[in-house]
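Please walk through this fold one sheet at a time, with the model open beside the text. The route goes from the sheets to the helices on them, then to the core, the ligand and a few backbone details.

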Amino acid sequence: MVKYHSTRGSCPPVSFEQAVLQGFAADGGLFVPHPITRLSRDRLNHWKHLCYVDLAKEVMSCFIDSTIVPKQDLGCLLDESFASFDKADPPLLSIDSDGQSWVLELFHGPTLSFKDVAMGFLIRVMDYFLDRRNDQLSLILATTGDTGPAAAYAAAGRKRISCWPLFPAGMISKEQELQMTTIGAENVTPVGVRGCLEGGDDLDLVVARLFGDGRLTNRLKLSSVNSINIGRVLMQAVHYFYAYFRLIERFGDALIFSIPAGAFGNSCGGEIARAMGLPIQFICATNKNHTLHRIFSAGIFEKLPLQHSLSSAIDIVVPYNFWRFLYLRSDLDPEVVNRSMSELKDRGKVTFDVSLSHKLSRGVVSASVTDEQTLVTMRDLYEQTGYLLDPHGAVAVAGAAQCRSMMAKPTPCVSVATAHPAKFPEVIKKALGSNHQLPEAAFHPSLEEAKHADVKMMTCNYEELEKRLVEEIEASLQGQQSDK
Ligand SMILES: Cc1ncc(COP(=O)(O)O)c(C=O)c1O
């Protein structure tokens, strides 16, 4: 039976149910499944023609024992999770004349980013467990703009869940903010936090600190749906299988995915797919916040100051899922993770030895993309093909171009388009020029509607965030008790 082990190794493994309800492991580590089923060629062949949701059922069954969620219930939860998507299968589009470069659109869910592909399922399965336990949860999550809307949408109206998306005020697009603040649900309270000098990283720290206090976590019934939560990461393995199967006839086993990386959760989903035997490679595409690029290209993990970029959702300097990746690549050795975490904390920098660097970069290359390259990529592709990328998809495409130009034999590449362009109209104006009329793809009806809806949110300064949150969550739990 698959159990969930902490990357820090000092608490016993738990079931899938405990892992998703807790978010963090009790020792502050992140959960990783073990064992990971290695799929035979025959099994992969059987999955080849499945539609996305059926593929999700197969992949997730490898991680969720049927004694914990019976197969039929799992199927219903997944069917419901994708019912609000405007396309049942994610579109895969060729963007060059020789059919070597592709874009996988993962933004056809209700809040127009790839976060929807896992969030709908994660919050539903949490609610399913809570019903069974007759319990409640308070979800706190840090967002750089897209996790918040996805969580707010999936949690809205669920009686057993209260949801607290924390965002760095002024550092996300107006459209992303409105998606959260106009959700109109009593159980969702977005919190705009002023004075986050390090953006989403500052908020990640608050989330980690709150979870560091076991008594508080229990009292407030805290959990998180950031990609801290292994439920998110596992669901994010499915799209790699899907795109691989759609292109395998054309390219055989040689396929590389370019992934715009922030906290590195989407990429960890890809790593899980690889660990299951999918023969794929990755380009880790960062913007000028290039912590991950330095890890993969120079073997150095160093926390540098945050720089604001046009691809703001990946403005992250400590990509916390890297600890999960390190654990997987170091043959599940928590000592390697603990040592590296301490070194980063004490010295601000970790230098991996040659052997570990080699293990880390097996099948992974990386790139750092400037804002100028992001804009040029958006403009050139639009002018040449009429296809409009969002700035994060553009980082993936530009990162792919950089890496492929250095390959002796360029490998066919799928760039992961993680958000709908309509979430970033200001960046589109910059890319296409302010004289250019915004193309149709720069609008989405749901975002236009949000501009006229009532706004509900809380604001506070960074220094008072922890205290305010604790008070608000306590009050909300008391309210829920007296409603019973
Ligand atoms: C549009 C978009 N692209 C990419 C990412 C990065 O994903 P991850 O944090 O899983 O690396 C995010 C995450 O915030 C995002 O919102």
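Two strands are taken to pair if DSSP finds at least two bridges between them. The model is a predicted one. In it, six strands form an open sheet of mixed pairing, in the order β3-β4-β14-β9-β10-β13. At its edges are β3 (92–94) and β13 (364–368), each of which pairs on one side only. From one strand to the next the twist averages 25 degrees.

Within this sheet, β9 (residues 256–260) and β10 (residues 281–286) run parallel to each other and are joined by five bridges. One residue pair can be used to find the register: Phe257 has Phe282 in β10 as its bridge partner.

Two helices can be placed against the mixed sheet. Helix α13 (residues 291–298) lies across β10 and β13, at about 135 degrees to β13. Helix α18 (residues 391–404) lies across β4 (101–105), β9, β10, β13 and β14 (413–417), and its direction makes an angle of about 160 degrees with β14.

Val103 offers a close look at one strand of this sheet, as the residue lies in β4. Is Val103 buried or exposed? A residue counts as buried when 20 or more other C-beta atoms lie within 10 Å of its own. Val103 has 24 C-beta neighbours inside 10 Å, so it is buried. Leaving aside residues up to four places away in sequence, Val103 touches Leu93, Ile95, Gly393, Ser415 and Ala417. Of these contacts, Leu93 falls within the range of the edge strand β3 (92–94), while Gly393 falls within the range of helix α18 (391–404). Ser138 follows 35 residues along the chain, yet its C-alpha atom is separated from that of Val103 by 36 Å.

The next sheet is built from other strands. Five of them form an open sheet with parallel pairing, in the order β8-β5-β6-β7-β15. The edge positions belong to β8 (222–223) and β15 (458–461); each has a single partner strand, so one side of each has no neighbour in the sheet. Strands β6 and β7 (residues 191–194) pair in the parallel sense over three bridges. Here Pro168 has Val193 in β7 as its bridge partner. Helix α8 (residues 199–211) lies across β5, β6, β7 and β8, running at about 150 degrees to β5.

Helix α6 (residues 147–155) also belongs in this part of the account. Nine of its nine residues are buried. The buried residues of α6 pack against α5 (116–133), β5 (137–142), β6 (161–168) and α7 (174–181). Just after the helix, Gly157 takes a positive phi of about 85 degrees.

Now consider the nonpolar interior. In soluble globular proteins, nonpolar side chains tend to be buried together. The largest nonpolar core in this model has 146 residues, and Leu122, Leu139, Ala151 and Ile283 have the most contacts inside it. Ala151 is one of the buried residues of α6. Leu139 touches Ala151, and its other contacts include Ala155, Ile161, Trp164 and Val225, with residues up to four places away in sequence not counted.

Which residues come nearest to the ligand? Of the 19 residues around the ligand, these are Asp146, Gly262, Gly265, Ala313 and Thr418. Helix α12 (residues 265–275) gives the most to this shell, with three residues. By type, the shell holds seven nonpolar, eleven polar and one charged residue.

Some backbone details remain. Most residues other than glycine have a negative phi, and most peptide bonds are trans. The bond from His34 to Pro35 is cis, with omega near 0 degrees, and Pro35 sits in the loop between β2 (31–34) and α2 (41–47). Leu112 is not a glycine but has a positive phi of about 65 degrees. Leu112 is found in the loop between β4 and α5, and it counts as buried because 25 other C-beta atoms lie within 10 Å. Phe264, also a residue other than glycine, has a positive phi near 80 degrees. Phe264 lies in the loop between β9 and α12, and with 28 C-beta neighbours inside 10 Å it is buried.

Methods
Residues are numbered from 1 along each chain as its sequence is written. This is a predicted model: local features need pLDDT of at least 70, side-chain atom pairs count only at pLDDT 80 or more; totals for chains, interfaces and linings use all residues. Helices (H or I, at least four residues) and strands (E, at least two) are DSSP runs, numbered from the N terminus. Axes are lines fitted to C-alpha atoms, for helices over the stretch in contact, and angles run from 0 to 180 degrees between N-to-C directions. Two residues are in contact if their C-beta atoms, placed from the backbone, lie within 7 Å. A nonpolar core is a set of buried Ala, Val, Leu, Ile, Met, Phe, Trp, Tyr and Cys residues joined through C-beta atoms within 7 Å. A residue is buried if 20 or more other C-beta atoms lie within 10 Å of its own, exposed if 12 or fewer, and partly exposed in between; C-beta atoms are placed from the backbone. A residue is near a molecule or strand if its C-beta atom, placed from the backbone, lies within 6 Å of it. Ala, Val, Leu, Ile, Met, Phe, Trp, Tyr, Cys and Pro count as nonpolar, Asp, Glu, Lys and Arg as charged, and the others, Gly among them, as polar.
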